[in-house]
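Here are some notes for a colleague who is opening this structure for the first time. They are set out as numbered points, to be read with the model on screen.

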Amino acid sequence: MAKPKFAMYWAASCGGCEIAVLNIAEKILDVDANFDVVFWPVAMDAKYKDVEGMSDGEITLCLFNGGIRNDENERLAKLLRKKSAVLVAFGSCANEGCIPGLANLTSGKAVIETAFSTVSTDNPHNVRPAYDYPAAEGELHIPRMYETLKTLDQVVPVDYYMPGCPPESHQIATVIDLVIAALKGEAKLPPAGAVIGAGNSTVCDECSRKRSEKLIKEFRRTWQIPMDQQECLLEQGILCSGMATRSGCNARCPAANMPCIGCYGPAPDVVDQGARMMSAVSSVIDSKDPAEIERILDGIVDPAGTFYRFGLASSLLHRAKAQ
Amino acid sequence: MKAYAYFPGCSLEKMALSYHQSALECARRLDLEFQELDDWNCCGTTAYFAIDQLLSYTLSARNLALAEKKKLDMVTPCAGCYKNAYFTNVTLKRDADLAEHINEALKEDDLHYAGTNQVYHLLEVFCNDVGVQEIKKRVTQSLNSLRVAPYYGCQIVRPRKDHEEVENPRYFEDLIAATGATPVEYQLKMRCCGGSLLITSRKAAFSMARNLLQNAMDNGAAVIATACPMCQVNLECYQQQINQEFGARFSVPILYFTQLLGLALGASPKELGFGSELVSASAVLAQIRNKETSTTQSPYIRHATS
Amino acid sequence: MDTRPTFYQEITNMMYATHGDPISTCIQCGTCSGTCPVVEFMDHTPRDLIGMIRADLKDEVLASNTYWYCASCFHCNVRCPAHIDIADLMYTLKRYSIWKNQYPEGLIGPTFAETFVKMILSGGRSYEPVLAPAYIFNYGLQGFLNEALTATGLLLKGRIPVLPPRIKRLDNFRRMVGHIIPASNLVGEAK
Amino acid sequence: MSEKVGVYICHCGANIAGVVDVAALSHWAGELPDVAVARDYKFMCSSLGQELIEKDIQELGLTRVVVAACSPHLHEATFRNCCKRAGLNPYLFEMASIREQVSWVTANKTVALEKSKALISGAVHRVIHNQALEPIIVDINPNVLVVGGGITGIQAALEIADAGYHVYLVEREPSIGGHMAQFDKTFPTLDCSACILTPKMFSAGTHPNITLLTWSEVEKVDGYVGNFTVKVRQKARKVNTELCTGCGICEQKCPKKVIDTVFEAGMGLRKAVYTPFPQAVPKYPVMDVQNCTFFQKGTCKACEKFCPTGAIDFKQEDKVVSFDVGNIILATGWDLFDCRRIPQYGYGRLANVYNSLEFERLSNAAGPTGGKVILRDGVTVPQSVGIIHCVGSRDKNYNPYCSAICCMQSLKFAHLVKEKTGAQVYNFYIDIRTPLKAYDEFYQHILETDETRFVRGKVAEVTDAARLPGEEGKLIIQVEDTLIGKQRRIPVDMVILSAGLEPRHDAKEVAKLFGIGCSADQWFIERHPKLDPVATMTEGVFVAGVCQGPKDIPLSVTQGAAAAARVIGLVNRKQVSLEPVRASVNAEQCSGCRICNNQCPFNAISFLVDKGVSEINPALCQGCGTCVAACPAGAITGSHYTNAQILSQIEGILEVELGQREAVPA
Amino acid sequence: MSDNNQFEPVIVGFTCNWCSYRAADAAGMARIKYSPNVRLIRLMCSGRIDPQFVLKALSEGADGVLITGCHPGDCHYVEQNYKTLRRYALLKRTLRQMGLEDNRVRLVWASAAEGRILAEEIDKFVSDVRALGPLNWIKMATTTYVDPAPASA
């Protein structure tokens, strides 16, 4: 019997998800033993045509990472959806847009300007990409960039969501074990639409810091105070997103004395992670005086960037107001 | 050495030169650096408000901007200048539109008001920034239980700035006690002397000054200490006229508190501008020199009819 | 319907920026007048004046000497149970009466205020000798002699400047003032 | 599973139908997804209208009901009952207010129809997500806690005890009686305060249903209506009340005299072991350890030596007692405004300036001067006395409110001074406020008989700085006599400041302890200022007397009785049912971040340390939903106002509008 | 919608059960006519207002969102409206970064007696939002391509 087929694709992402998969160490051999890797642009050569030639649902498991930044991303998302039995939104970008999604705070035009015309760019003739370019061999095309970055499930239906930037290796290993067991009929897959490879609570659940009632008089940034190693970071005025972020990472950042930045996305049943953070943080400000409240809030230098660092593209608003 | 932007105000140029001299002398002896504002202008006093509030704010804003240029808090010895500068600062900080409007005008003199500094009266700097305890340590010439009536006047304490005590403050008394003198308790220490009415309503001004002098004398003051040039002029220079008007025989020296403080800090009368008084202060100086005497009789002889 | 603002409204409008509460909140308790050190010289007590403004008695208010006698001591301000900025009300009335050119005869206040302003605009600083002589005759012969004696005393002690002081950047200063009161006849006259 | 929604549109006569095309609305609503039936009717709230709904629920098997009519504040309960009668859970019902929010406030009929559609669409979307809820039923413990043993608390305790229920009456001072025990006479009848108060104190002290806990303070309150657990600290009296007979020998023999700043308002002395006044209830003395010679110097023990029953117990410690009650009445009273805050009145500086409580003691026959009105020198009878009204009241620098009792109190003082000294009395007032029964008559009586001079003007200052002849050695009251428009200086021998009533200095902490609110002035907040003046937002906690706002004795007594009646009514019912609009924590999802822990003013949220999660007590929860909005993990759900319900309502409202928007050319 | 074809904004309003909803009732009982553009949603307390509600309304097509509650100090639940105040302050800051005009989200206090004030505030708010024009957030996230050419000089 032929081995089940495995695919992994990257759309708008950094490649960290691929590294995370490789980072599962010898477990990767189980993947090879149990799967036939048919498409994985980072790891092996393959052509889109090969995929197009497959029958629908032929790929057993496809891990799709990256957001939908351009029409090529969207085309591949649709293609892989069609050809895959199980499509997993893998990593924060595919789940919720992640850092590339922060571009949604500005316009596509501004993104291009930044890339091609800022001081740090060596582009003396102000050369710009052209979507269509007539060459001797015929017209050449590059992918068309979207004004708004989208998440995977904003373009195709997704079977499972696996959050994290990147997903923790131990979580990937667990998921792979589960899928292999399921293929052998030894385990049952969770219901479609489920979040896998993560916990059902928030990062605080896994964080060992001591927590008490919160009353914040001043927000601080990590370099502004010597941080207490035991006390809850938020209670020290450090904006930690742990309380609004899905568990599953073993609270790695707070354990290393750095605040959680929210990469595991919203907690179960939460629509908009940033809104939850905003609401929670402002609820525990220790003042009733409007002027003082504003003064305290001045300590949050970049609210949108802080609360929507990962989740802007999947938030209720998706993006900043188009100009 | 703590530095301040020093705004003397018009009166201190001539009429109250001794206040200017003694203020600077005290500051020097208390290790404070007073940098006089460059090309300061009149703050408008109370009269300006009667004509144009906006202009009054502008005049004070110019001085505030000059102080900001030095990146220093402003100190002024004149109570009127203090009140105007303080409340201009408060108003402009609160009202950004007004500040913007005034900044347009200030551009003509290449100045900008940003609201970054504080305004203090000289008394506040000595009592709060230096501190009464520190001053006590630096006194080299005790004032020998001289009975000094601290006269707060109006515009240092009023209008109310925050929630501070405005009916019975004590810091002036504490400062006087620190010099070794005895602060006189008297009821009218917060009452208006009428100085601002000297020209417009002389009768009223004299009557108010009389009440004040009388009350201080009734409580045994040998000298009245002021912190405002207008109060000083009203109470001292017009004492003769007040005597004539009411048939009284006041002869009370009215000294700037800095002159007394300066003596306690070891300065010579000359350094403190003594000699320009219209009511002689020689008895005061004599008592301070005479270490044996510890109490003085009030030079005032109570008027029969009052 | 006459939509012109009443006197009361005009005064209220002019006080829009006051730090205190509006005069409509006055409970006529008389704390201001009980406190006022000059009240015996006023023809109406400050409280009375507030009542008169609220009754739109414009002519009577403008004919009153009360606000010209206000010494700006702010004692009423700090005691007022309604937090009314009474001293500012007095300033407002002064401004209003100068604006309307309507004030009681024989008062030095109005002309003094204007002279003072002109003086400052001319040099940027105040200069006492300009002030006194203009009014000295109002005090009568005895007053004149007394004043002369006082002045002589001060002069002998070196406390009266001989020349009016001037700030250095006077042109800038005047242009600055011109921004606030454009086409001001005060500035014009001062030059 | 799809729901079957019934939509009912009320004409409200012409109130709605006159503006909104109800027929078109009903037709439109019938087409909405999930809507099984839509009807319009002249008066939905009439019995026929209700029957219509009941019939549909039963015959068509409706699972949800929406009524578009007036405000839910008017008829939500009506229609909920209607659903209940037809066997549908009342919380599966929603109302859309198309009268108050549409037909009464909109003139344009087209727009009115659109807005009605939007509101109904919102309600239909929401009601699908509504959940069946059951009211929360709790038992009521019949015992009652009354805090404060002044006249208000005594009245409340007696009413409840007489009704047959047990009362714990807690008082901070050694004796009950409160401020009223300090007063001399009471206005307007001038009967002796002690004569009318002491019988009530005695009843409270001996009533079999009242447990008196004096020299005690409530430390902790847990629980909710019907089921509070209270911890009370009984401060050590150093007197064994089991043995003490109240003979008073210890007090007689105690060599240490102390100025009594509480009961005698600083006007008289007491011993280090003392009962504050002879008629004190209970009769047992307390020992003032701070001033006791034995405690300070180690020797004396005179009290112990002379005590005939051996009741003195120097080793006695504070005791914390705990008990359960079902309801609580707070009657914690007031503090006197501190006249030192107005330096220009000279109180504390000028000897013969008195505050009102000092004068009460001065005038009281049982007081330090035996009721003689004399100056502080102890001998001189004043020839002239000024009484200043509104001291610290009606003044934005101090308290902006009117203290309500000072006018009558000042008139009473004027009468007493006149009666006892014959002095010339001046009353300085801003307004004379005598609104209640027989009060203005009292004022008239003073005007007619007492020759008191009334000066209308708030006093500017009281000074001893003489300026004019006749002022030497006097206190001069400087004031504008506003009725003649002149400043006056009136020399007197004595000044009485009619100081205002203030909330207790610790009112805010007490409010927090009992989970109720304080106004900006720090008076306790009642549930409704007119229609529910003794209840609070916290079920089972009532307020009465001055702690709720300034008032005189008759009103305080009335409120004490009113609060008692409310409590007796509740206790008689034995059970109370609570609205099931409550928040709850899903322990699975809760990570114990503790954001919610300080969001609840009713102390309903507690953190379970061992489980590492927060928990909400449904009986304490008032259902505001603030913690629901605060929870970053989405672990808290607010029943009947869930996220799904509200988000669907938003969708529903905007669905209609988007349809409309599409039609409008951009 | 209106006679002269001017833009009529759609606004979602949140009220508390005790003050502002009753203010709306009071406005109705007094037959005060005001802009019909605001659709009110009743919550128990303004403290229940989750920023998600505001974002949801904006993303689903509302042109503005009005948040109302009891006056500070008068909250039926003691002090929960202060939490509303804080959340509103932070939400506004975030929305400002998202390019939303200040006038599209507003907080108004109204006591149960202030029907007239609520009506006036609604009129004011509607006219302010009207001046900003339609928001149409829902359409913004649909696919449009970026023109990579340099901005015209």
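1. A starting place in chain B is the end of helix 3, which is followed by B:K71, a residue whose phi is positive, near 55°. The model is a predicted one, and the values in this note should be read with that in mind.

2. Helix 3 of chain B covers residues 53–69, and its 17 residues reach 24 Å from the first C-alpha to the last, which is close to the 24 Å expected at 1.5 Å a residue. Is this helix largely enclosed or largely exposed? Of its 17 residues 15 are buried, so helix 3 of chain B is largely enclosed by the rest of the structure.

3. In chain A, an open sheet of five strands, with parallel pairing, has the order 2-1-3-5-9. Its edge strands are strand 2 (36–39) and strand 9 (160–162), each of which pairs on one side only, and the twist from one strand to the next averages 25°. As background, strands of a sheet pair through backbone hydrogen bonds, either parallel or antiparallel.

4. Within that sheet, one pairing can be followed residue by residue: strand 3 (residues 59–65) and strand 5 (residues 84–90) of chain A pair in the parallel sense over five bridges, and A:F64 stands opposite A:A89 of strand 5. Helix 4 of chain A, made of residues 71–83, lies across strand 1 (5–10), strand 3 and strand 5, and runs at about 135° to strand 5 of chain A.

5. The domain assignment of chain A gives domain 1 as 1–198 and domain 2 as 203–307, and the C-alpha centres of these two domains of chain A lie 30 Å apart. Their contact takes twelve residues from domain 1 and nine residues from domain 2 of chain A. On the domain 1 side, helix 5 (residues 91–96) of chain A gives the most, with three residues, and by class that side has five nonpolar, five polar and two charged residues.

6. Which chains share the most contacts? Among the six pairs of chains that touch, the most contacts are between chains B and C. Chain A and chain B are joined by no contact, and their closest C-alpha atoms lie 12 Å apart; chain A and chain C do not touch either, with their nearest C-alpha atoms 18 Å apart.

7. Chain B and chain D do meet, in a contact that takes six residues from each of these chains. On the side of chain B that touches chain D, the residues divide into one nonpolar, four polar and one charged.

8. Chain D has 18 helices and 34 strands, and along its principal axes its C-alpha trace spans about 95 × 65 × 45 Å. Of the 666 residues of chain D, 55% count as buried. Among contacts in chain D between residues at least 6 apart in sequence, 70% join residues at least 24 apart.

9. A single residue of chain D may serve as a last example: D:I605 is found in strand 32, which covers residues 605–608. Why does D:I605 count as buried? It has 22 C-beta neighbours inside 10 Å, and the cut-off for a buried residue is 20 or more. Leaving aside neighbours within four places in sequence, the residues in contact with D:I605 include D:C596, D:C600, D:I616 and D:C627. D:P618, 13 residues from D:I605 in sequence, is 9.3 Å from D:I605 in space, C-alpha to C-alpha.

Conventions:
Residues numbered from 1 in each chain as written. Chains lettered and ligands numbered in written order. Predicted model: local features only at pLDDT ≥ 70, side-chain atom pairs only at ≥ 80, totals over all residues. Contact = placed C-beta atoms within 7 Å. Nonpolar A, V, L, I, M, F, W, Y, C, P; charged D, E, K, R; others polar. Helix = DSSP H or I, 4+ residues; strand = E, 2+ residues; numbered from the N terminus. Buried ≥ 20, exposed ≤ 12 C-beta atoms within 10 Å, placed from the backbone. Domains from an automatic or database assignment. Expected span 1.5 Å × (residues − 1). Pairing = 2+ DSSP bridges. Axes fitted to C-alpha atoms, helices over the stretch in contact; angles between N-to-C directions.
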